[in-house]
Amino acid sequence: MRKTTGKYIGSTLPRPDGWEKVTGRAMFIDDISFPDMWFGRTIRSSIPSGTIRKIEMAPSFNWSRVTVIRAEDLPGPNEVCMVENDLPILAEEKIRYCGEPVILIAAPGKALLEAAVKAISIITAEEKPLLTIEKSLEGKKIIYGKDNVFADYAISDGNPDMALEKADMIIEGTYQTGYQEQLYLETQGMIALPVENGIEIIGSMQCPYYIHRAASHALPFDPENIVIKQAVTGGGFGGKEDYPSVIGIHAALLAMKSGHPVKMVYDREEDLLVTPKRHPSLIRHRTGVRKDGTLIASHIEILLDGGAYATLSKVVLQRAILHAAGPYRIPDLYIRGRALATNTPPCSAFRGFGVPQSCFAVERQMDHIAARLGIDPFDLRKKNLLQNGNRFPFGQEFTEGENLDLVLEKAVDLSDYKKKRTFPPKTCPPSKKYGIGLSLYFHGGGFTGRGEEKIDGKAKVRYVGNGLIEILVSSVEMGQGATVMFTSLAAETMELPPSMFKHPQPDTSIVPDSGPTVASRTTMFVGRIVMDACLNLLEALRSAVGKWHKAENGDIIYSKGLFSTENGPLGHFTEMADRFLLEEGPLSGFARYVPPERMLWDEDSFTGTAYKSYSWGADVAEVEVDMNTYEIKPVRITTVVEIGKVINEITALGQVEGGKLQALGYGYLEEMKIRKGKFESGHMTQYHIPTSMDSPDFHVSIEEIPYTGGPFGAKGLGELPMDGGAPALVSAIENATGLSPNQIPVTGERLERLQRETHNETEGASRDEV
Amino acid sequence: MKFDMTLNGKNISIESSPLRRLLDILREDLGLTGTKEGCGEGECGACAVIMDGMLVNSCMVPAIQLPGKHVLTIEGLGSPEEPDPLQRAFVEEGAVQCGFCTPGMVMASRFLLSQNNKPDKEQIRMGLAGNLCRCTGYERIFRAVERAAGEGYGETIEPSFFLSTPGSFELCENEKNRIFIPHSTEEALAILKTHGEVITLLAGTTDIMVQLKNGRKEPEALMDISRIPELSSISLENDSLQIGSCSTYSRIYSNPVVQSHFPALQTAARLNGAITLQNRATLGGNLMTASPAADMPPVLMALGAKAVLRSTSGSREISITELWTGYRTTVRLPEEILVGIKVPIPSENSRQIFYKRGSRSMLTIARVSLAGYIEIDENGSILEPRFAVGTMGKTAFMLEDLQNFLRGRDLTEDIAIKAGNIASGSVNPRKTPEYRKQVTGNLVKKFLLGIIEERNQKEEQ
């Protein structure tokens with residue numbers, strides 16, 4: 001077990017939210033009902049591109065019993081505001097993707113709702129859709145802006161073209177990644193309640209204030225009369241970052257028009273078919289190397305399929321670009337990235353946020369370079385690691401050489417990589433092929449660039465009496481462990497038992513805006529702000545205690561929950577806080593984000609401090625591949641991450657293991673099929689995530705090199721495990737089979753095809769030689 | 001309909017339409033929202049509860065099958081203030097993250113420990129394979145189950161051998177002559193004689209509940225045949241194993257004769273869905289829904305099984321290969337019931353195999369399924385080769401060319417390789433044909449080479 005810092009930091013304190021969840025008492029959105037509540041549904045386009053000609057509503061149906069809303073009925077702008085305002089609440093005339101919301105319906109009962117849905121049909125005229133990144137680039141059909149480009153950024157360092165000419169060898173690779181569905185076990189859902197001159201929206205979400213902002217923009221109410229409350233949330237993984245704004249507004253509109261509370265909970269099929277997924281990518285690398293394996297220049301081009309609307313694509317792309325060169329030293333380099341529009345359901349946030357794509361590409365490229373030069377992939381990486389004093393491609397100084405080297409070396413040691421690479425373990429049955437591969441990765445914590453400054457996170461803690469302190473932030477618990485993290489940090493800071501702290505589900509009428517629950521920022525940034533708020537509360541109390549006891553502030557000592565002076569104890573925190581409530585009024589502490597000094601980012605030139613801190617990781621994956629059936633089985637995964645400081649050990653391990661299994665699923669199993677612009681995997685029988693039989697044995701080591709800016713030294717963790725799993729797995733598949741997949745997921749079908757093509761190529765080559 | 005059942009130890013009366021899901025009865029009618037809906041198609045296990053001692057997905061159980069049943073939900077275990085030891089282990093070991101899969105996962109763990117006090121890690125993996133978790137990577141869940149097992153949790157669960165009690169019920173006016181729950185085959189056949197044309201038979205309901213969710217119209221009339229003891233029996237008679245059509249997969253693979261004589265059948269039953277489904281889905285259902293991707297048809301074809309159909313006018317036995325007439329159609333007449341199947345006990349010089357390749361280890365629909373059976377004489381000559389494939393056409397079918405090629409030949413490596421090529425050439429699936437042809441051939445080859453290797457090892461000894 002880990003040595004704790006103080007009493008609780010690094011401990012295995014059980015999560016406070018666990019007890020209600022494990023006994024079935026936790027109230028998720030679909031568990032909540034209100035008197036006279038109606039049920040809402042979205043009717044959607046069934047074509048990817050075209051225009052709405054007519055809405056036919058069967059005259060035989062009694063429409064007075066239900067509420068129907070179309071675009072022309074909207075009380076405000078037809079915009080769901082996110083990064084851009086291009087996403088309509090309901091399609092007006094133009095259809096831009098299959099599954100686009102057109103009509104909203106609410107009814108007092110589910111059966112009546114079903115009947116109403118069946119009595120409406122949308123008559124459309126279909127146009128030829130724009131379905132691929134390549135076609136979007138071609139620009140023959142324009143569906144966004146003047147060139148289908150949501151965002152286009154480039155980083156340039158040195159003179160890569162000239163440097164490439166001097167290389168001993170130029171190695172090229174093209175890498176493709178597919179859609180990935182978050183598949184939170186709880187589908188998306190919201191309930192909206194009409195209140196006087198306003199609306200209340202309750203639901204499954206990551207970012208209460210995003211919904212608040214979007215609802216304030218779309219609905220004709222004063223922002224203070226719009227209240228957003230989080231219900232217990234059954235997983236998010238990014239999928240509940242922006243999309244809840246859409247459902248929240250939909251439910252609100254139906255509630256306003258019907259005058260009833262309206263519940264909209266997506267069925268799994270609807271959730272799978274229309275909510276945003278991870279962006280598919282097409283990434284090209286051209287790397288100039290010396291014979292000894294030194295990387296000297298690189299040219300990287302990233303294309304992301306953003307789907308029909310802008311969503312968060314721009315920000316996802318930024319992160320993809322900033323991580324695209326990997327943790328390697330490449331003196332001359334050029335990276336360009338574009339996010340493109342297609343007539344497909346919009347992609348958006350998913351744990352990793354662009355990094356899993358660019359990490360897959362760069363790690364595979366490193367393996368190819370290693371293979372071409374006859375160097376072990378480990379040695380190639382080791383040789384080219386960023387060194388302290390080097391700069392990232394975007395100019396930020398690199399200072400964590402020790403951390404980076406540590407994760408790589410330790411993962412290789414723990415897994416016995418070097419030995420197994422030469423002598424496969426005998427545990428692999430003879431009918432299967434064994435392989436081992438590694439990947440190295442990193443993740444910038446918090447928002448890109450000046451995002452944290454823009455968000456300006458705030459937190460409050462307040463004493464509510466009865467020995468209870470509430471931590472008021474808009475950061476949500478969605479399974480990742482925010483609650484146990486906040487309560488541990490607060491307990492440690494205030495030297496009080498964790499049981500005295502509550503982290504209630506955010507309610508925007510009560511909690512300040514600590515920012516969205518995204519970007520691995522909650523521990524590192526919000527945790528720090530909460531600690532400051534705790535200190536401010538203590539300070540307020542200390543000053544009152546001083547006043548009561550006619551002492552100077554400095555004479556009052558607070559330690560281990562006890563106020564005292566040199567002359568002896570004055571009373572326990574609770575006693576003093578209760579007195580404060582009686583005599584002085586509300587007792588709380590407030591704090592806001594304090595930007596670190598000398599950290600500048602220039603978005604126009606894409607240079608400067610891209611992230612305040614980085615977390616580091618290395619994976620070694622071991623697989624067994626059955627060449628009769630092309631079944632891939634990850635049998636063991638060794639992961640070493642360096643995250644500054646562990647706040648709660650079992651939660652941190654759970655984040656690593658859970659994230660890693662998602663990353664492995666991304667690599668070989670999870671496939672969202674799309675045909676003519678329509679997603680085809682609308683059931684859990686079709687979109688497969690790993691079961692307990694598919695999960696490998698995990699060997700996880702979490703390293704701590706404290707980061708001065710984070711609470712007790714902590715950095716971000718949430719997304720890091722998602723970044724490296726797929727490339728390590730594919731590297732292991734290559735090691736096992738001799739085949740070299742450049743596209744994920746590596747399904748059995750893809751592996752068989754690759755074997756056939758490789759075989760044909762070799763046959764062709766040997767014929768040529770004859 | 002109105003009926004009584006036992007919920008978390010208490011007798012309760014329920015009024016419900018016959019096809020209403022147990023899940024909805026719990027959540028909407030009784031306000032027990034601890035049981036979650038993650039998919040409504042029996043795939044995720046979030047709605048798992050324990051019914052008559054067996055783990056089932058409550059989205060797969062219609063009200064018509066509930067009279068007299070004992071159901072245990074998450075609310076029947078501990079409370080936040082006083083969690084039971086399994087629940088405590090879940091929280092303290094970090095097995096709970098978002099909490100949505102948790103109630104089902106706890107029920108699955110409890111069921112596992114009720115069947116097996118001290119499961120090893122592989123058995124835990126298997127026991128939880130029908131319950132998806134997206135947060136944890138499962139590792140912490142395994143630890144929680146291991147800890148509860150170590151604390152003796154399994155021993156505290158009273159073994160529950162609930163017989164399907166008749167369970168009294170009362171039908172509404174408009175349900176009479178439409179809803180039938182017979183308790184003997186004769187009773188069922190008599191009903192079918194009059195209403196056969198309009199009746200839909202229910203047994204494990206793992207198929208129809210999915211179809212209903214996805215828009216299938218409610219059938220005009222229903223007959224639940226899951227309460228007929230004869231249809232659920234498995235017995236050895238005259239050198240053949242008789243398996244009643246309502247035998248569930250878990251009963252099939254835990255049957256000692258199946259385990260000793262029919263490894264291929266055991267594998268097929270084990271690989272069908274996961275435990276929640278295996279406790280519900282029946283042999284008859286798998287055969288009579290006549291899906292080309294079903295696991296049982298190829299294995300029973302290769303084993304030379306016969307199907308027994310019965311009506312009030314008598315019984316007929318047909319080769320299982322004649323059971324299907326096309327995509328999702330069978331030879332069953334409206335007044336008939338598939339009583340069961342008879343599988344001859346294989347000869348001692350035989351070998352059998354069932355292979356299934358989906359996209360993941362468990363809980364997957366076959367992309368390739370292949371069953372093989374061969375008898376070889378002492379000289380290594382093949383007497384009786386039988387091979388069948390699923391998923392490759394409108395119905396499962398036998399690989400005649402392959403059988404003709406192998407019959408009478410000596411089994412050698414060269415023959416095994418040729419056999420693989422013939423098998424590849426004998427199938428022509430519509431989707432991803434190259435891959436599935438290749439895998440089919442590989443599997444035939446693998447089966448035959450395995451037999452040769454076994455023989456060589458014996459000779460060496």
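This short presentation concerns the interface between chain A and chain B, and then the cysteines, in a predicted model.

Let me begin with the extent of the interface. On chain A, 70 residues are in contact with chain B, which contributes 67 residues of its own. Together the two chains bury about 5800 Å², and carbon and sulfur atoms account for 55% of that area.

I turn to the polar side of this interface. Between chain A and chain B there are 11 salt bridges. One pair joined in this way is E657(A) and R140(B), whose side chains come to 2.6 Å, N to O. Residue pairs in polar contact across the two chains, both at pLDDT 80 or more, number 36.

Which elements of chain A supply at least two residues each to the side that touches chain B? They are helix 1 (18-22), helix 7 (268-274), strand 27 (631-642), helix 17 (649-668), strand 30 (697-703) and helix 19 (748-769). Helix 17 of chain A provides the largest share, with 8 residues. Sorted by class, the side of chain A that touches chain B comprises 24 nonpolar, 23 polar and 23 charged residues.

Finally, the cysteines. Over all chains, the count of disulfides is 0. For C207(A), the closest cysteine sulfur belongs to C81(A) and lies 13 Å away, which is too far for a bond. C207(A) is also buried, at a relative accessible area of 2%. In chain B, the sulfur nearest to that of C39(B) is in C44(B), at 3.8 Å, and C39(B) is in no disulfide; the cut-off for a disulfide is 2.5 Å. C39(B) likewise counts as buried, with 4% relative accessibility.

Conventions. Residues are numbered from 1 along each chain as its sequence is written. Chains are lettered from A and ligands numbered from 1 in the order in which they are written. Side-chain values use heavy atoms; hydrogens and water are left out. Contact means heavy atoms within 4.5 Å. Buried area is the accessible area (1.4 Å probe) that two parts lose on being put together, summed over both. A salt bridge is a side-chain nitrogen of Lys or Arg within 4 Å of a carboxyl oxygen of Asp or Glu. A polar contact is a pair of N or O atoms within 3.5 Å; within protein, one must be able to donate a hydrogen and the other to accept it, and residues adjacent in sequence count only if both atoms are side-chain atoms. Helices (H or I, at least four residues) and strands (E, at least two) are DSSP runs, numbered from the N terminus. Ala, Val, Leu, Ile, Met, Phe, Trp, Tyr, Cys and Pro count as nonpolar, Asp, Glu, Lys and Arg as charged, and the others, Gly among them, as polar. Buried means under 20% relative accessible area, exposed over 50%, partly exposed in between (1.4 Å probe, protein chains only).
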